[in-house]
Structure formats: structure tokens, C-alpha cells
Amino acid sequence: MGERITEELEVASVFDIRLGGLTIHVSETVVVMWIIMAIMIIGGFLLTRRLRVENPSKRQVAVEGIYSWLDKFFRDIVGEKGGWMVSYLVIVITFLVISNLFGIFGFKAPTKDLQLTGILAVFSIVLVQVASVKAHGVGGWLKSFTNPMNALELVIKPLSLCMRLFGNILGAFVIMKSIEYALPIIAPPVVSLYFDLFDGALQAYVFTFLTALYIQEAVE
């Protein structure tokens, strides 16, 4: 069973792109991310069509309600100085929720790829430093590194974000597959729904919540 789970965790190459003498291997993670980006772009276009100030449709009310809740949630954490980062946090939590939901449809969630979670974590911490520079200036940002702990956190924070997201998603995947192999008929639908829907949404929340806290610390 362990070998079967290991095989399913491997990120397969779907096809190759050849540019002269260079061969680029396009992995399953990249293909699924293309699909997710297409869903987000098309979905964003369709959900924001024909918006009205008066007599809004139920679709518009629902979309505005969800976005307003997320906007207020993150804005309360990052504060006024970090408010310009709220849109990024909303996009990231949306991307992570959709990514984790792909397991329900038989795809391998891209968040099970350590490279993706690592890139997301590093990018988030880079933006945290940008927020710090914007709030305090270059001099204030550099001065903060006179505290050795702040310099150490440049490594600790992205590593923590990356391993927390990857480890929890991976752990849920291993548990889910183990239960599927033990109870192949009864358990899979219920287990998959729990781990892909509830646990996936929870990990997306934790990742963006911690990023928002780091932004708040940086700007305040």
C-alpha cells in the first residue's frame, strides 16, 4: 500500500515543449494550475457581468457578500497600512480553495507539490517585506534587521508557511488513500469530501491568515 501511495504522490510529466535544443517538461501541477487560472479568469468575468447599483441580482448580492466578508476579515488583520494587500490575500485564498477542491474530481491538487507551496510561501514573504518597506521606508526596513531574530525570520516564516500547507495537505492525502485502500467501497466518497472540501478550505484559511498576520507585524 505504501508503494501505491508513493506512486500517486509523484508529480508526473504530462507533455514536453521543445525550444531548439531545450526540452521543457510540463508537469501535472502546471496543467492543473492552467485549468484553475482559466476557471478563475472566466468565473471572475461571468460573476461580475452586468453589475447594477439598483435592484442587484441574487448572483451580484452573493458575490458582493462573500467578497465584502473576506475584505473585512483581512483588512481587520492587516490594518490600514496593509490594506493594499487585501486583494492579494483574497486571490490566494480563492486559488488555494479551488486547488484543494480538484481532488474531488479525480485530479491531483497542485498544493501536494512542494514546489508550488514553496513558491507561494516565498512570494508571500517577499510581499510582506515590500509592505514593510512601504510602511517604514528602506531605512526603517533595514534598521529592523539589527535584531537578529528579524533576519532569522526571513528564513523561518516562508519555511513555516510552505511546510505547514504542504505537510497538512499531504498528510490528509495519505490518510484518505489509506482509508480508501482499507474500505474501497464505503469510505472513499465521504472521506474525499471531508479532506478535499473541509480540510482543504481550512488549510487555505490558515495559510492566508498567517500571511495576513505577518503583514500586520511588518507594517505596524
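1. A residue counts as buried here when its relative accessible area is under 20%. Ser124 has 1% relative accessibility, so Ser124 counts as buried. Keep that cut-off in mind, as several of the points below lean on it. Please also bear in mind that this is a predicted model.

2. Let us start with the overall layout. The protein has seven helices and two strands. Read from the N terminus, the order of the elements is α-β-β-α-α-α-α-α-α. The protein has 220 residues, and buried ones make up 35% of them. If you take the contacts between residues at least 6 apart in sequence, 68% of them join residues at least 24 apart.

3. Next, the nonpolar core. The largest one holds 36 residues, and those with the most contacts inside it are Phe74, Leu89, Leu96, Leu161, Phe207 and Ile215. Two or more residues come from each of H2, H3, H4, H5, H6 and H7. Helix H4 provides the largest share of this core, with nine residues.

4. Phe207 is a good residue to click on while you look at the core. Setting aside residues up to four places away in sequence, Phe207 touches Val92, Leu96, Leu120, Ala121, Ser124, Leu161 and Leu165. Two names in that list, Leu96 and Leu161, also appear among the core residues with the most contacts.

5. Now back to Ser124, which sits in helix H5. What does Ser124 contact, once its neighbours within four places in sequence are left aside? The partners are Tyr88, Leu161, Phe207 and Thr211. The contact with Phe207 links this serine to the previous point.

6. Ser99 is another serine worth a visit, this time in helix H4. Its relative accessibility is 0%, which means that Ser99 counts as buried. A polar atom of the Ser99 side chain lies 2.8 Å from the backbone oxygen of Phe95. Beyond its neighbours within four places in sequence, Ser99 is in contact with Ile36, Ala109, Pro110 and Thr111.

7. From Ser99 you can step across to Thr111, in the loop between H4 and H5. Is Thr111 buried or exposed? Thr111 is buried, because its relative accessible area is 0% and the cut-off for buried is under 20%. Its contacts, neighbours within four places in sequence left aside, are Leu96, Ser99, Asn100, Leu116, Thr117, Leu165, Phe166 and Ile169. Thr111 and Thr29 are 82 residues apart in sequence, yet their C-alpha atoms are 8.4 Å apart.

8. Asp113 is found in the loop between H4 and H5 as well. This aspartate has 7% relative accessibility and therefore counts as buried. Thr29 turns up again here: the C-alpha atoms of Asp113 and Thr29 are separated by 7.0 Å, with their positions 84 residues apart along the chain.

9. For a contrast in accessibility, try Arg75 in helix H3. At 37% relative accessibility, Arg75 counts as partly exposed, because that class runs between the 20% limit for buried and the 50% limit for exposed. Leaving aside neighbours within four places in sequence, Arg75 is in contact with Gly83 and Val86. Its C-alpha atom is separated by 9.6 Å from that of Gln216, which is 141 residues away along the chain.

10. On to the pockets. The largest pocket encloses about 670 Å³ of space. It is lined by 20 residues, and Leu47, Val63, Tyr67, Val90 and Thr94 are the closest to its centre. Helices H2 (28-47), H3 (58-78), H4 (86-101) and H7 (187-219) each give two or more residues to the lining. Sorted by class, that lining has 15 nonpolar, four polar and one charged residues.

11. The second largest pocket has a volume of about 300 Å³. Of its 17 lining residues, those closest to the centre are Ser132, Ser144, Asn150, Glu217 and Ala218. Two or more lining residues come from each of helix H5 (114-143), helix H6 (148-182) and H7. Which element gives the most to this lining? That is H5, with seven residues. By class, the lining has seven nonpolar, six polar and four charged residues.

12. If you have time for a short tour, begin at Phe207 and its contact with Ser124. Then look at Ser99 and its contact with Thr111, and finish at the largest pocket, where Tyr67 is one of the residues closest to the centre.

Key: Residues numbered from 1 in each chain as written. Predicted model: local features only at pLDDT ≥ 70, side-chain atom pairs only at ≥ 80, totals over all residues. Heavy atoms only, no water. 1 Å grid on protein atoms, 1.4 Å probe; cavity = no way out; pocket = protein on both sides within 12 Å on 5 of 7 lines; lining within 4 Å. Points joined across faces, edges and corners; volume = space filled by probe spheres on them. Helix = DSSP H or I, 4+ residues; strand = E, 2+ residues; numbered from the N terminus. Nonpolar A, V, L, I, M, F, W, Y, C, P; charged D, E, K, R; others polar. Buried < 20%, exposed > 50% of the residue type's maximum accessible area, 1.4 Å probe, protein only. Polar contact = N/O pair within 3.5 Å; in protein donor to acceptor, adjacent residues only side chain to side chain. Contact = heavy atoms within 4.5 Å. Core = buried A, V, L, I, M, F, W, Y, C linked by side-chain atoms within 4.5 Å.
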